[in-house]
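Here is a walk through one protein model, taking in its charged pairs, its domains and a few local spots. Have the sequence and the structure open as you read.

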Amino acid sequence: MSKPDMAPDTKRMVRPPAEVIYAEELAALAACDSGPRPSGWKLSPRAVRQFIIGADAPVVHGAQGAKKKTTITQKFYGDDSLVERCIVTLLGNRGLLLVGEPGTAKSMLSELLSAAISGNSLLTIQGTAGTTDDQIKYSWNYALLLAEGPSPRALVPSPLYSGMKNGALVRFEEITRCQPEIQDTLVSLLSDKCIQVPELPEPDAVRFAEKGFNIIGTANLRDRGVHEMSSALKRRFNFETVAPLADKGMELRLVKEQTEALLRESEVKVECPNDVLDLLVTTFNDLRHGRTEEGTVVEKPSTVMSTAEAVAVSHSAALDAAYFGNGRLESGHVARQLLGTVLKDNPDDLKKLKHYFDVVVKARGKGNKTWQQFYEAKKWLRG
Ligand SMILES: Nc1ncnc2c1ncn2[C@@H]1O[C@H](COP(=O)(O)OP(=O)(O)O)[C@@H](O)[C@H]1O
Ligand SMILES: [Mg+2]
């Protein structure tokens, strides 16, 4: 799918891909990108880095007087050197594998890298227990195959095949969810950097990867249903661990900015006071670490209290405030939405959450209205 086809409907999309959302930023960076550009890359490595971690000053671009300023927003928070290492890996011969807890922005980072480097983040294979060989290599349009026999026209390319053909990055999400023998299909593809199509005569019997091709895999460490990766495949990747954000102030900024951006996208106006967002991020931090800022030990729920979940709760709480409240986010809205995150499949988690309210929230509520309202909203915590 090319960008021009997608442009007219962007506003109607629930979630446009990164290259569409940030089309202006990407164009601005390309316009004043003076760095050396690797073969097959749309931007120089420096510009890719800037796209992901943001720029201090707006980028000035445009020709002959029609100068325009574009702000390059920060999209990935935390470890800037991790971003640099990822870019360097993609310049080389090995694939990049982002591993870590769920909700640490591995998928987001792989999408941003593909959007910046190849201008396309849609060449994606989603790994599942049912992923087949065909989905990784190629399959056939059976009507054409029966009518004409094997031909390039009848071949249905996989995202990996297209990535090799067009010299673009390919994303392989949740690679370890695939059965080990399916994962191992990748071993030879990544060593030889080509796909054999024995059904087709020369020269189509082998599709060599063009420059610009590489693969970004992601794998969650803590999810159920993941398989071990073979050491042969591990050797084809450089591993980068994406850690949860350690800095609460940074997480607060991230939650605020991303909630505001999501609300803008859904064209909803809600006032999100800092103290309510701070309460939300503090609650997530306490439950994630099993220890509060004051040093009180609390029981960790079995669900992952990731930053991604914090953003989801704050977005839903803000929508609750917009449609069922008076347009101002309050701690009660947060409590109402928290349950859907914490209580997934383990009934004990509700007890842990209630205990947190009785021990920590109640004490903080003495003398603090926001926390007091949060405590009063404990009535919503019913499983
Ligand atoms: N360091 C971070 N920088 C930016 N966003 C983050 C970060 N950590 C978590 N997030 C949040 O996580 C969301 C993306 O999660 P996702 O990429 O699906 O995680 P994963 O693939 O690791 O499970 C982002 O939209 C953002 O709200
Ligand atoms: Mg993911």
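## A lysine and its partner

This is a predicted model, and K68 is a good place to start. Buried or exposed, where does K68 fall? With a relative accessibility of 43%, K68 counts as partly exposed. Its salt-bridge partner is E24, and the closest N and O atoms of the two sit 3.6 Å apart. K68 belongs to strand β2 (residues 68-70) while E24 is in helix α3 (residues 23-31), so this pair ties together parts that are 44 residues apart in sequence. E24 is also partly exposed, at a relative accessible area of 43%.

## A buried pair from the helix

Helix α3 has another charged residue to look at, E25. What does E25 pair with? It makes a salt bridge with K75, and here the closest N and O atoms are 2.6 Å apart. K75 lies in the loop between β2 and α5 (80-91), so the link from α3 joins parts that are 50 residues apart in sequence.

This pair is tucked away on both ends. E25 counts as buried because its relative accessibility is 8%, and the cut-off for that label is under 20%. K75 is buried too, with 4% relative accessible area.

## Salt bridges further along

Over in the later part of the chain, R328 forms a salt bridge with E271, with 3.4 Å between the closest N and O atoms. Both ends sit in loops: R328 in the one between α15 (307-324) and α16 (331-342), E271 in the one between α13 (248-265) and α14 (274-289). The pair therefore ties together parts that are 57 residues apart in sequence. R328 is partly exposed at 35% relative accessibility, and E271 is partly exposed as well, at 43%.

There's also a small network to pick out, in which salt bridges link K248, D278 and E293. As general background, side chains of opposite charge can pair when their charged atoms come close. How many salt bridges does the count come to? The answer is 22.

## Two domains and what lies between them

The domain assignment splits the protein into domain 1 (3-241) and domain 2 (248-380). Their C-alpha centres lie 34 Å apart. At the interface, 12 residues of domain 1 are in contact with 14 residues of domain 2. The area buried between the two domains is about 860 Å², and carbon and sulfur atoms give 47% of it. Which residues of domain 1 lose the most area to domain 2? They are Y77, G103 and R222, which together account for 55% of what that side buries.

So how do the two domains pair up chemically? The number of salt bridges found across the interface is 0, while 2 residue pairs are in polar contact between the domains. The side of domain 1 that touches domain 2 is made up of 4 nonpolar, 3 polar and 5 charged residues.

## Helix α4

Helix α4 (residues 45-53) has these buried residues: A47, V48, F51, I52 and I53. What covers them? The cover includes α3, α5 and α6. After the helix comes G54, with a positive phi near 90°.

## Two loop residues

T131 lies in the loop between β4 and α7 (133-136), and at 3% relative accessible area this threonine is buried. Its side chain reaches two backbone atoms: the nitrogen of T128 at 2.7 Å, and the oxygen of Q126 at 3.4 Å. If you leave aside neighbours within four places in sequence, T131 is in contact with Q126, I136, C178 and I182.

L122 sits in a loop as well, the one between α6 (106-118) and β4 (124-126). With a relative accessible area of 40%, L122 is partly exposed. For a link to another part of the chain, try L169: 47 residues separate L122 and L169 along the chain, and their C-alpha atoms are separated by 9.4 Å.

Technical notes: Residues numbered from 1 in each chain as written. Chains lettered and ligands numbered in written order. Predicted model: local features only at pLDDT ≥ 70, side-chain atom pairs only at ≥ 80, totals over all residues. Heavy atoms only, no water. Salt bridge = Lys/Arg side-chain N within 4 Å of Asp/Glu carboxyl O. Helix = DSSP H or I, 4+ residues; strand = E, 2+ residues; numbered from the N terminus. Buried < 20%, exposed > 50% of the residue type's maximum accessible area, 1.4 Å probe, protein only. Domains from an automatic or database assignment. Contact = heavy atoms within 4.5 Å. Buried area = accessible area lost by both parts, 1.4 Å probe. Polar contact = N/O pair within 3.5 Å; in protein donor to acceptor, adjacent residues only side chain to side chain. Nonpolar A, V, L, I, M, F, W, Y, C, P; charged D, E, K, R; others polar.
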